[in-house]
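Here is a short report on a protein fold. It covers cavities, sheets and helix pairs.

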Amino acid sequence: MVYLTERMKENLYQTDAASVIRSGREVVLQAFNWESHKYDWWSNLDRKVPDIAKSGFTSAWLPPATHSFSPEGYLPQNLYSLNSAYGSEELLKALLQNLKQHNVRPMADIVINHRIGTTRGHGGMYNRYDGIPLSWDEHAVTSCTGGLGNRSTGDNFHGVPNIDHTQYFVRKDIIGWLQWLRSSVGFQDFRFDFVRGYSPKYVREYIEAAKPVFSVGEYWDSCSYDGSYLAYNQDSHRQRIINWIDGTGQLPAAFDFTTKGILQEAVKGEYWRLRDAQGKPPGVIGWWPSRAVTFIDNHDTGSTQAHWPFPAHHIMEGYAYILTHPGIPSVFYDHFYDWANSIHDQIVELIQIRKQQDIHSRSSIIIHEAQANLYAATIGEKITMKIGDGSWSPAGKEWKLAMSGHRYAVWTK
C-alpha cells in the first residue's frame, strides 16, 4: 500500500491544477441568473445535472452559497452558514455530490471584497461581526469604508464595509474558510467576485492556500469609448486585465470583458472590430488565451439587471465565436435553459464540435475576413467559421459544413 505524504499530495494537486490551465479544455456553465434565488435553486440544478454533464461542461459556476444580507448572495454576512435563499445546506451538498459524480466540478462564487456587519461599531456603522463565526471588529474594515483598518488596496465597493486584506487575522480567517469550502463542503473551483477591490497578491495567497482546481477572477471596468462610441483599440482595457492576472502570480484565469465588449458591437455590422492591428483577436484571447474566460452575458450584464447586454438577436453569432475560438468559453444559464430549445441544442452542438476537433484555449487562429458584414477564421487548422450576413465559405474540398444557423456557419475537415 502506498501512503501519500502531505508534500506528495500537494505536488499532485499542483500538477492537477496546472494541468487544467495547461490543457485548456474547460467549458464553463454559469448555472444561475439574478433571479435564481426565487426558484428553489439547488433542487432545480440537481435535476439538470445529467444534461449539464452530457452537454460537455467541465465546471458549473454556482451563485454565492453562504448566508447573505441580500438574497442574490453578494452581500455576505455569516460565511459559515450554507443556508441561503438558494436552498439548504443539505440540498447544496447533494447538488455538489451529484455534479462530482457526473464529472462536473462545482465552482464557488467567492465574495470577499466586502461583508455586511451584524452590529454598529465605529462611526455608528455596521462594521462589527459579533455573534457569528469570524467575529471581526472594525479593524477588519478599510478606513475608506468606515472601519478602523488600513486604506483599501483596490477600488471601493461603495455603501458597504470593505474587508481589509492587509490584516493578517483577516487573511488567516479567509484562508480557513476557503479551505473549508474546498475540503469539507465540496467545491472544487473558485470564481472571485469584484477583484478590483483588493490587491491581486492576496488572490494569489488564497489560491495557494486553498488550492482550487481552477479559478477565475472578475476584473470588470469600462472599455475605452469615444463619447458613446466604442473605440476600435481596446489594448489598454485588456492590458489592465492581464496586469491583474500577472499580479496573482498567473494562477487564475480572468473573464474576458474586452472580448465581450467588442463582440457585442461587432455583431451589429462592425465585424472589422474582431481583428486588431496585429491581425489577432482584439480581446484578452488575442494576447493571453490560456487565461481568458470568454462569455456573452452574465447575471450582471444580462438577466434582469441588463447592465451591458449582448444584442438578443445575435446570441448565436456570439456563441459561434467563443465556442470555436481560443480561450475558455463560458455559457450563460439563461441562454442555455430559458431561451428556445433550439438555442440549447445549437450550443451543445458547438461544444461537441469544439471537443471533437480538440480546440483548446491555446489553439492557433488565422483570421481570413473582418469586414463590416463578415468575419471568418480558421482555428487550430481544424475548424473554419464565419459570422455575419456576408457570403463566404472556405477554399478547399476538405472542408465540410458541420453546422449553420442564423448568421453563422462552421466547417470541419
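A search of the whole structure finds three cavities of 30 Å³ or more. A cavity here is a set of points, on a 1 Å grid over the protein atoms alone, where a 1.4 Å probe fits but cannot get out. Lining residues have an atom within 4 Å of a point. Volume is the space filled by probe spheres set on the points, with grid points joined across faces, edges and corners. This is a predicted model, in which local features need pLDDT of at least 70, side-chain atom pairs count only at pLDDT 80 or more, and totals for chains, interfaces and linings use all residues. Residues are numbered from 1 along each chain as its sequence is written, and side-chain values use heavy atoms, with hydrogens and water left out.

**Cavities**

The two cavities described here have these values.

| Cavity | Volume | Lining by class |
|---|---|---|
| Largest | about 80 Å³ | 11 nonpolar, one polar and one charged residues |
| Second largest | about 40 Å³ | five nonpolar, three polar and one charged residues |

The classes are fixed by residue type: Ala, Val, Leu, Ile, Met, Phe, Trp, Tyr, Cys and Pro count as nonpolar, Asp, Glu, Lys and Arg as charged, and the others, Gly among them, as polar.

The largest cavity has 13 lining residues. Pro64, Ala65, Thr66, Asp109 and Trp177 lie nearest its centre. Strand E3 (105-110) and helix H4 (168-185) are the elements that give two or more residues to this lining. E3 provides the largest share, three residues. Helices (H or I, at least four residues) and strands (E, at least two) are DSSP runs, numbered from the N terminus.

Gln30, Trp61, Phe255, Phe295, Asp297, Asn298, Ser330, Val331 and Phe332 line the second largest cavity. Strand E10 (residues 328-332) gives the largest share of that lining, three residues.

**Sheets**

Eight strands form a closed barrel in the order E1-E2-E3-E4-E5-E8-E9-E10, with parallel pairing. Two strands pair if DSSP finds at least two bridges between them. Neighbouring strands of the barrel are turned by 30° against each other on average, direction ignored. Strand E5 (residues 214-217) pairs with strand E8 (residues 253-255) in the parallel sense over two bridges. Gly217 has Ala254 in E8 as its bridge partner.

An open sheet of five strands runs E11-E12-E13-E15-E14, and its pairing is antiparallel. Its edge strands are E11 (365-370) and E14 (400-405), each paired on one side only. Here the twist averages 15° from one strand to the next. E11 and strand E12 (residues 375-379) pair in the antiparallel sense over five bridges. Ala370 stands opposite Tyr375 in E12.

**Helix pairs**

Helix H2 (residues 41-54) packs on helix H3 (residues 89-101) at an angle of about 15°, with the axes 9 Å apart. H2 is therefore roughly parallel to H3, a label for angles under 35 degrees. Axes are lines fitted to C-alpha atoms, for helices over the stretch in contact, and angles run from 0 to 180 degrees between N-to-C directions. The H2 and H3 crossing is left-handed. A crossing is left-handed if the near helix is turned anticlockwise from the far one by less than a right angle, and right-handed if clockwise.

Helix H9 (residues 315-322) and helix H11 (residues 341-356) cross at roughly 15°, and their axes come within 10 Å. H9 and H11 are therefore roughly parallel to each other. This crossing of H9 and H11 is right-handed.

Technical notes: On a 1 Å grid over the protein atoms alone, a cavity is a set of points where a 1.4 Å probe fits but cannot get out, and a pocket is an open set with protein on both sides within 12 Å along at least five of seven lines; lining residues have an atom within 4 Å of a point. Angles under 35 degrees count as roughly parallel, over 145 as roughly antiparallel, 65 to 115 as roughly perpendicular and the rest as oblique.
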